[in-house]
Amino acid sequence: GAFSDCSNMTKVNLPTGLTEIKSNLFIRSGIKEIHIPSSVTKIGEWAFQSCDNLTSLEIPNSVTEIEQYAFSLCRNLTSVILPNTITKINFATFWECMQLTSITIPSSIEEIASSAFNGCKDLNKIRVLNPVPPLCQEGAFEQCYNAILQVPANSKEAYSVAVEWEKFSNIVEVTTAEVTTQ
């Protein structure tokens with residue numbers, strides 16, 4: 001990509017009107033901070049892979065697609081806010097984001113692909129806002145099954161028998177207010 005391997009680049013302000021962050025655009029760059037404008041609808045595969053200085057990320061609700069490996073190997077990423085406009089978390093999107101400690105999965109998510117969060121060893125709290133368990137492919141949360149899985153009230157039973165979700169040993173029902181504030 002145009003800015004791949006730019007290790008001295010630490011801050012990026014993308015222009016308003018930009019609709020897509022292309023594949024490989026910032027792979028292995030030194031980005032610490034990025035503002036994604038609300039005009040962006042797609043983040044390409046490997047767009048931010050191995051951006052080890054990136055620690056937090058807010059993806060705007062204009063984004064409807066995040067391709068595979070987009071944020072994989074961002075080893076210091078601790079905080080991600082996902083938009084409620086995506087329906088799928090693709091293959092290995094957050095693979096090996098070892099410092100990620102919690103994630104809220106919006107109610108818009110219908111499917112989580114294999115290895116989406118594989119290797120996120122510090123992931124200790126997963127909040128899922130959908131009362132119906134999203135389709136979860138095998139290994140989506142590999143090495144994360146000890147995390148607390150927070151699910152909406154009256155949905156624990158559905159998650160405890162759903163494929164992949166049943167591997168979580170600590171499934172806790174919370175009210176909508178509790179999910180959004182904890």
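## Parallel strand pairing and an aromatic cluster in a predicted model

Strand E11 (residues 125-128) and strand E13 run parallel and are joined by three bridges. Strands here are DSSP runs of E of at least two residues, helices are runs of H or I of at least four residues, and both are numbered from the N terminus. Two strands pair if DSSP finds at least two bridges between them. The model is predicted, so local features need pLDDT of at least 70 and side-chain atom pairs count only at pLDDT 80 or more, whereas totals for chains, interfaces and linings use all residues. Residues are numbered from 1 along each chain as its sequence is written, and side-chain values use heavy atoms, with hydrogens and water left out.

**Strands around E13**

Within the pairing of E11 and E13, Lys 125 stands opposite Ile 148 in E13. Strand E13 also runs parallel to E14, to which five bridges join it. In that pairing Ile 148 stands opposite Asn 170 in E14. Four of the five residues of E13 are buried, and the strand is mostly covered. Buried denotes a relative accessible area under 20%, exposed one over 50%, and partly exposed a value in between, with a 1.4 Å probe and protein chains only.

**Two open sheets**

An open sheet of three strands has the order E2-E4-E6, with parallel pairing. Its edge strands, E2 (20-21) and E6 (65-66), each pair on one side only. Strands E2 and E4 (residues 42-43) are joined by two bridges, and Glu 20 has Lys 42 in E4 as its bridge partner.

Another open sheet of three strands has the order E8-E10-E12, and its pairing is parallel. Here E8 and E12 are the edge strands, each pairing on one side only. Two bridges join E10 (residues 111-112) to E12, with Ile 112 opposite Cys 136 in E12.

**Aromatic pairs**

The structure holds 13 aromatic pairs. Rings of Phe, Tyr and Trp (its six-membered ring) pair if their centres lie within 6.5 Å; planes under 30 degrees apart count as stacked, over 60 as edge-to-face and the rest as tilted. Two of the pairs share Phe 141, as tabulated below.

| Pair | Centre to centre | Angle between planes | Class |
|---|---|---|---|
| Phe 141 and Trp 165 | 5.3 Å | 45° | tilted |
| Phe 141 and Phe 168 | 5.5 Å | 70° | edge-to-face |

The pair of Phe 141 and Trp 165 links distant parts of the chain, 24 residues apart: Phe 141 lies in the loop between strand E12 (135-136) and strand E13 (148-152), and Trp 165 in the loop between helix H1 (156-161) and strand E14 (170-174). The pair of Phe 141 and Phe 168 likewise links distant parts of the chain, 27 residues apart, with Phe 168 in the loop between H1 and E14. Phe 141 counts as buried because its relative accessibility is 0%. Trp 165 is buried, with a relative accessible area of 0%, and Phe 168 counts as buried at 4% relative accessibility.

Ring pairs link these residues into a cluster with Phe 3, Phe 26, Phe 48, Phe 71, Phe 94, Phe 117, Tyr 145 and Tyr 159.

**Individual residues in loops**

Glu 96 is found in the loop between strand E8 (88-89) and strand E9 (102-105). Glu 96 is buried yet has no salt bridge, and the nearest side chain of opposite charge, Arg 75, is 4.5 Å away. A salt bridge is a side-chain nitrogen of Lys or Arg within 4 Å of a carboxyl oxygen of Asp or Glu. Lys and Arg count as positive and Asp and Glu as negative, while His and the chain ends are not counted. Leaving aside neighbours within four places in sequence, Glu 96 is in contact (heavy atoms within 4.5 Å) with Leu 73, Arg 75, Asn 118, Gly 119 and Cys 120.

Asn 24 is not a glycine, yet has a positive phi of about 65°. Asn 24 is placed in the loop between E2 and strand E3 (33-35) and counts as partly exposed at 28% relative accessibility. Gln 143, also not a glycine, has a positive phi of about 75°. Gln 143 is found in the loop between E12 and E13 and is partly exposed, with a relative accessible area of 43%.

**The chain as a whole**

The protein chain has two helices and 14 strands. Its radius of gyration is 16 Å, close to the 16 Å that the globule rule gives for 182 residues, so the chain is as compact as a globular protein of that length. The radius is taken over C-alpha atoms, and the rule is 2.2 Å times the number of residues to the power 0.38. Of the 182 residues, 49% count as buried.
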